[in-house]
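User: I am new to this structure and would like to be led through one of its chains step by step. Please explain each term when it comes up.

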Amino acid sequence: MTQLLADKTSHLANFSLFARNAPSPLPWLDQLRRAAIARFDLVGFPSSKDEEWRFTNTTPIARIPFALARHDAPATPADLADYSFAAAAACEIVFVNGRFAPHLSHLNHLPDSVTVTSLAAALQNTPSLVEEHLARHATIETDPFVALNTAFLADGAFVHIKRNAVLSQPIHLLFLALPGPAPAICHPRVLIRADDNSQATLVETYSGKKGTVPVFTNAVTEIAAANNAHIDHCKIQQESLDAFHLAHTRARLGRDTTFVSHSASIGGSLVRNDLAVLLDGQGAAATLNGLVLAAGSQHVDNHTLIRHEKPRCTSHELYKHVLDGHSTAVFKGKIYVQKNAQKTDSRQTSKSLLLSDEATMNSMPALEIYADDVKCTHGSTTGPVDEDMIFYLRTRGVSRQAARSLLTYAFAADVTRRINVQPVRRRIEDLLAAQHKLPQDLRITDLETHDQAAL
Amino acid sequence: MALLEIHDLHARVAAPGGHEILKGVNLTLDKGQVHAIMGKNGSGKSTLAQVLMGRETYQVTQGSVLYNGKNLLELSTEERACEGVFLAFQYPVEIPGVSTSYFLKAAVNAVRRYHRQDELDAMDFLVLVKQKMALLKMDQSFMNRAVNEGFSGGERKRNEVFQMAVINPTLALMDETDSGLDIDALRIVANGANSLRSPDRAILAVTHYQRLLNYIQPDAVHVMLDGRIVKSGDKSLALELEAKGYDWIEKEVAQPA
């Protein structure tokens, strides 16, 4: 315990420095940051006794004294080559260690009905548009790491999809973490406002380079979607294998709004994604799909929370994990159905493929239902590659190794084929093919469309 | 010339204390022939088919199998497949996420690579597949469905024979392919199997029911009992089994003349 108390000190010291060097001219923001650091100081790092953190040990993070990551870390377009969507994106806004990098970003060609800027610029130019939603969906009471992010809130992305705006190409938010000489932390913040009848696709990519010491990305994304909006949100976590990545994404959906989330966790040594969706208007619909590819000693934890607050909302959730080596993964999927959220239709599936005897999966569905006229199902399976399937393929001339690779690919591609954002789908499928030494563009899973809806 | 020579084949379940299922099988199958193996449940018919295909859940403890003059038991399952042995499964598995089209192309090209032939391109593959689909009266949508996923029992069996027709094996092992089929499906499946008959190939059909043999005329019928082939004859033996059941054979074996 003494050790943990001591470990807050680096963050508290960082804050003193940060508050002195970069005070906000906005009193409300200044106040928010101070409340946030006080909150973090009060609650500290979560322990394994905390129900929400039972299977993820934050000690490796807590015991490292992190300094704030350098704002001026040098990055070139070459550093982004593997991650950029180039012309496939409507725009690409790049952040290096959580700070907007204008020379790497491409923000032209956006219609007037869509704003994509750095959060720092939005706080300066249109503070009221930000204040209306900032820290109201991911509040500082949510979690110690949200509090910590909020204490250092300075930059990140601000996206505003105005009423009736429709953008067909994705908006790409690309985060690059560059290690320095000492362990460093950055706190990127994203605020997405989608007004009535708007439609857009947002992709968050978290990338990074490997250094001699770890980098820690502590990200928070808030999505405020009004009524009858269509938001596709993808998150690709592809940081280096020694990175720490903790992220909270919280979305609030208004009436008849559709939200589709795809999360892919590929990099990082200790990764935790908290995704919470509030179905806050009648007829809102959420699809939450996730894919975890872990190997070595990676630890990947996905916590999802879907709150059905209003009647006739649907939520469909599919998380798949492919675990090799000594990797461990956690999936906790909580579905909460409020008393008056009648006619709720909720389905949750978690499936895990263990490619080694040493890999571990912890899967926990958690249903809390107070309404009586609802349809809620959940299921979870974990196991190795099916020997009967391998044998079947071998009897057709396919080698054991190729059969294993093919079946692993197909298992994961069951998630990727549901991704409507083509560059995202291609990125993950190409990566999968490379991992399993399969040719690219397999089209293994070009199945009939009716099949895509089936969980 | 004999395509398949099985001599005194013994096999047991490959687990500690696994019991013996095949207890000395002898069988010779010539090119151009169709043989049927009949017998009650648990007699070892399906195990024989699986052992011939190299299923690792069974362990061969004794005996030999020559296929085209080669020691079949030394080959891996995939090598057997590439050498022309095919098993139509009694219970084909589902492979979620893999389309039938991709699966078949992977199979055809694995065999072609083994024989150092160029892989089939998409066009040639399509021509081949369309022709065989017509033979098996299969809908085009089959190709874009995940392998066996959501297929009825009959569709799965038809898919097995369809694969067999596309892969065009030298030795086809059919494990109760006729079980559970209605008469129309049975005719289609038999038609597919008959299309493979040629002087260079052979079929070994494991079946419960004589009815199949009305459509696929066998050159020989063998009866399996407790892990051995205890009686062989021509197709009239199948009719006799249909009429009288298996008890008389059990008695005959228990008290040899």
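Analyst: Helices (H or I, at least four residues) and strands (E, at least two) are DSSP runs, numbered from the N terminus. This is a predicted model, in which local features need pLDDT of at least 70 and side-chain atom pairs count only at pLDDT 80 or more, while totals for chains, interfaces and linings use all residues. Residues are numbered from 1 along each chain as its sequence is written, and chains are lettered from A and ligands numbered from 1 in the order in which they are written.

User: How many helices and strands does the secondary structure of chain B come to?

Analyst: Counting the runs just defined, the secondary structure of chain B comes to nine helices and 12 strands.
The radius of gyration, taken over C-alpha atoms, is set against a globule rule of 2.2 Å times the number of residues to the power 0.38. For the 257 residues of chain B that rule gives 18 Å, and the radius is close to it at 18 Å, so the chain is as compact as a globular protein of that length. As for the elements asked about, the count is nine helices and 12 strands.

User: Which strands stand at the edges of the open sheet in chain B?

Analyst: Two strands pair if DSSP finds at least two bridges between them, and six strands of chain B form an open sheet with mixed pairing in the order 6-9-10-3-11-12. Each edge strand has a single partner strand, so one side of each is left without a neighbour in the sheet. Those at the edges are strand 6 (85-88) and strand 12 (228-233) of chain B.

User: In strand 12 of chain B, what is the bridge partner of B:Met224?

Analyst: Strand 11 (residues 220-225) of chain B pairs with strand 12 of chain B in the antiparallel sense, over five bridges. In strand 12 of chain B, the partner of B:Met224 is B:Ile229.

User: How many of the 15 residues of helix 3 of chain B are buried?

Analyst: A residue is buried if 20 or more other C-beta atoms lie within 10 Å of its own, exposed if 12 or fewer, and partly exposed in between, with C-beta atoms placed from the backbone. Among the buried residues of helix 3 of chain B are B:Tyr102, B:Phe103 and B:Leu104, and their cover includes helix 4 (122-135) and helix 5 (153-167) of chain B. Helix 3 of chain B is largely enclosed by the rest of the structure, because the number of its 15 residues that are buried is 11.

User: What share of the 257 residues in chain B do buried residues make up?

Analyst: Taken over chain B as a whole, with its 257 residues, the buried share is 47%. The C-alpha trace of chain B spans about 60 × 40 × 35 Å along its principal axes. The share asked for is 47%.

Terms used. Contact = placed C-beta atoms within 7 Å.
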